[in-house]
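Please look through the sequence and the structure shown below before reading on. The notes that follow take up how the strands are arranged, one sheet at a time.

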Amino acid sequence: MTTSSRFLPEERRLDANMLAGPLSEIFAVDLTPAFRRCSMCGHGGAFAQLHVYVDCPGLVARCPNCQSLVLRLVRNGNTVWLDLGGTGCLRLHLE
Ligand SMILES: [Zn+2]
């Protein structure tokens, strides 16, 4: 048993504010204050409310309502894999 396996995934869950740094390397706009509509359950709320699991290969964000996969981000050196397949619709206000 490893040290990290003693925790339930929900105990190591963070909100998506922690994605602001990694996503700022890819996008010019901060996505965390964006309004998001889930493509699976229709739940609406701030992108920052996503549940982020850090004990995966990379970062995995799930809908706080239905737990469907929203985003996967894996970084290896200067290479980033970003899967936004479950993101749904985002509404951003630009300044
Ligand atoms: Zn959902």
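Which residue in β7 is the bridge partner of Leu73? In this predicted model, the residue in β7 that forms the bridge with Leu73 is Leu82. The points below set this pair within its sheet and then turn to the sheet that contains β2.

**The sheet with β6 and β7**

- Five strands make up this open sheet, and their order across it is β1-β4-β5-β6-β7, with antiparallel pairing.
- The edges are taken by β1, which covers residues 13–15, and by β7, which covers residues 79–83; because each of these has a single partner strand, one side of each is left without a neighbour in the sheet.
- When direction is ignored, neighbouring strands of this sheet are turned against each other by 20 degrees on average.
- Strand β6, made of residues 69–76, runs antiparallel to β7, and five bridges join these two strands.
- Within β7, Leu82 is the bridge partner of Leu73, as the opening question asked.

**The sheet with β2 and β3**

- Three strands form this open sheet in the order β3-β2-β8, and here the pairing is antiparallel.
- Its edge strands are β3, at residues 44–46, and β8, at residues 89–91, each of which pairs on one side only.
- From one strand to the next, the twist averages 25 degrees.
- Strand β2, which spans residues 35–37, pairs with β3 over three bridges in the antiparallel sense.
- Looking across from Phe35, the reader will find Ala46 standing opposite in β3.

Note on methods:
Residues numbered from 1 in each chain as written. Predicted model: local features only at pLDDT ≥ 70, side-chain atom pairs only at ≥ 80, totals over all residues. Pairing = 2+ DSSP bridges. Helix = DSSP H or I, 4+ residues; strand = E, 2+ residues; numbered from the N terminus. Axes fitted to C-alpha atoms, helices over the stretch in contact; angles between N-to-C directions.
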